[in-house]
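Reader: I'm new to this one and would like to go through it slowly. Could you show it to me before we start?

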Amino acid sequence: MSLFSAVELAPRDPILGLNEAFNADTRPNKVNLGVGVYYDEAGKVPLLKAVAAAEEALVAEHAARTYLPMEGIAAYDAAVQRLLFGQDSPLLDSGRLVTAQSLGGTGALKLGADFLHRQLGKSLVAISDPSWENHRALFEAAGYEVVTYPYYDPATHGLNLDGMLAGIEALPEGSVVLLHACCHNPTGVDLSLADWARVIDVIQRRQHVPFLDIAYQGFGENLQDDAVAVRLFAESGLPLLIASSFSKSFSLYGERVGALTILTGERDETAPVLSQLKRVIRTNYSNPPIHGAKVVARVLNDAHLYALWEDELAGMRVRIKAMRQAMVEQLQAAGVSRDMGFIQRQRGMFSYSGLSADQVARLASEYGIYAVSSGRICVAALNQGNIAAVTTAIAAVLR
Ligand code: PMP
């Protein structure tokens, strides 16, 4: 008996398991739709031109690598706020905003979870049913009980708004409510402006704490429209937490670029909130890494690079939308009689295809096409070279 003999093997991560099965498949036409990454038309993870230009300028500087402040690079944090609230927002100078650079969107969620738990004693969070699979695990690891509110309606492939409102209403007063600001992962189903207004109303009445997760800003309509939930919540006067991720929008996955922003209720609350947030950071990883945030800050704070980035981001969005449209058309052409138009209505990188776990298993075994058993497919992994094979296979398993 040695110390670690009591440690049991953790359950396999379903997506990693999927990647292993995909890698082991020797069929040349195999396709991996299980990933959560944007691939370009050539099937590659792009390095954006705006990022490359910013990196070249940074390398030329040969700057020393001292420690950053706990809350990260000030120019980065300020740029994050402008992106969230709009560059003309009066909130920017309100003294009510705290932003800390974080280790991706995941790191931002963990900072927010720890802060709310340690400072306000929060221990109940509600996430959407379904949600990004790490939401539950992350909040549980932070000491929360995690419950769900209804979100997806399989019958319409759309939003179950009434269920969502009732679910949020029924939570104990003061619960933390986690919401996807845009491009919901995994379903691709988003709220309309009117839907948001009703959700905000319930949250306000029940004095819940809204925590917005925005990991796909720019993948829905554009950078401004995709921030509409953030801005509506801010206008409502509610205090608010926001977890930003630039992993996808800058194609900087491995650099871990994100931010936690807290909108306080009053100016006087801001300094204490920042001071306590810094303690959370200090006791987790002390201070954040430099490179990715410097790249993002440079792009966001330079008019030319910003325009280039916005253009490249639009290119990713338009390509995904074109793949959605092609999917719907090709499925119809392949004889699928049911209405698959919902694929075009869903937004962001993912679509809840409506395929059953059995159908997903058949896609893998018979066609070498891999997807998550929930039926979630990554539309951003489709391209002109593989889409015909994918739609033909989906049509066959739907038959
Ligand atoms: N939230 C959601 C909804 C996500 O889909 C993801 C990434 N898949 C994240 C947060 C985490 O992003 P990051 O990779 O920047 O940690």
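Author: Here it is, and please keep in mind that this is a predicted model. One term will help from the start: two strands count as paired if DSSP finds at least two bridges between them.

Reader: Okay, then which residue is the bridge partner of S128 in β4?

Author: The bridge partner of S128 in β4 is Y149. That bridge belongs to the pairing of strand β3, residues 124–129, with β4, where six bridges join the two strands and they run parallel.

Reader: And what is the order of the strands in the sheet?

Author: It is an open sheet of seven strands with mixed pairing, and the order reads β2-β10-β9-β8-β7-β3-β4. At the edges stand β2 (97–103) and β4 (145–150), each of which has a single partner strand, so one side of each is left without a neighbour in the sheet. Ignoring direction, neighbouring strands of this sheet are turned against each other by 25 degrees on average.

Reader: Which helix packs on the sheet and touches β2?

Author: That is helix α9, residues 267–284, which touches β2 and also β10 (257–263), and the direction of α9 makes about 10 degrees with that of β2.

Reader: Let's move to β8. Why is it described as largely enclosed?

Author: Strand β8 spans residues 209–214, and five of its six residues are buried, so the strand is largely enclosed by the rest of the structure. Buried here requires 20 or more other C-beta atoms within 10 Å of a residue's own.

Reader: What does β8 pair with, starting from β7?

Author: Strand β7, residues 176–180, pairs with β8 in the parallel sense over five bridges, and within that pairing H180 has D213 of β8 as its bridge partner. Between the two strands the chain passes through helix α7, residues 193–205, in a β-α-β crossover that is right-handed.

Reader: How many bridges join β8 to β9?

Author: Four bridges join β8 to strand β9, residues 240–245, and these strands run parallel; here I214 has S244 in β9 as its bridge partner. Together with helix α8, residues 228–236, β8 and β9 make a right-handed β-α-β unit.

Reader: New topic: which residues are around the ligand?

Author: Among them are H180 and D213, the bridge partners we met above, and the residues around the ligand also include G36, W132, N185, S245 and G258. The largest share of the shell, three residues, comes from helix α4, residues 104–120.

Reader: How many of those are nonpolar, polar or charged?

Author: The shell around the ligand divides into two nonpolar residues, nine polar ones and one charged.

Technical notes:
Residues are numbered from 1 along each chain as its sequence is written. This is a predicted model: local features need pLDDT of at least 70, side-chain atom pairs count only at pLDDT 80 or more; totals for chains, interfaces and linings use all residues. A residue is buried if 20 or more other C-beta atoms lie within 10 Å of its own, exposed if 12 or fewer, and partly exposed in between; C-beta atoms are placed from the backbone. A crossover is right-handed if, with the strands pointing away from the viewer, the path from the first strand over the helix to the second runs clockwise. A residue is near a molecule or strand if its C-beta atom, placed from the backbone, lies within 6 Å of it. Ala, Val, Leu, Ile, Met, Phe, Trp, Tyr, Cys and Pro count as nonpolar, Asp, Glu, Lys and Arg as charged, and the others, Gly among them, as polar. Axes are lines fitted to C-alpha atoms, for helices over the stretch in contact, and angles run from 0 to 180 degrees between N-to-C directions. Two residues are in contact if their C-beta atoms, placed from the backbone, lie within 7 Å.
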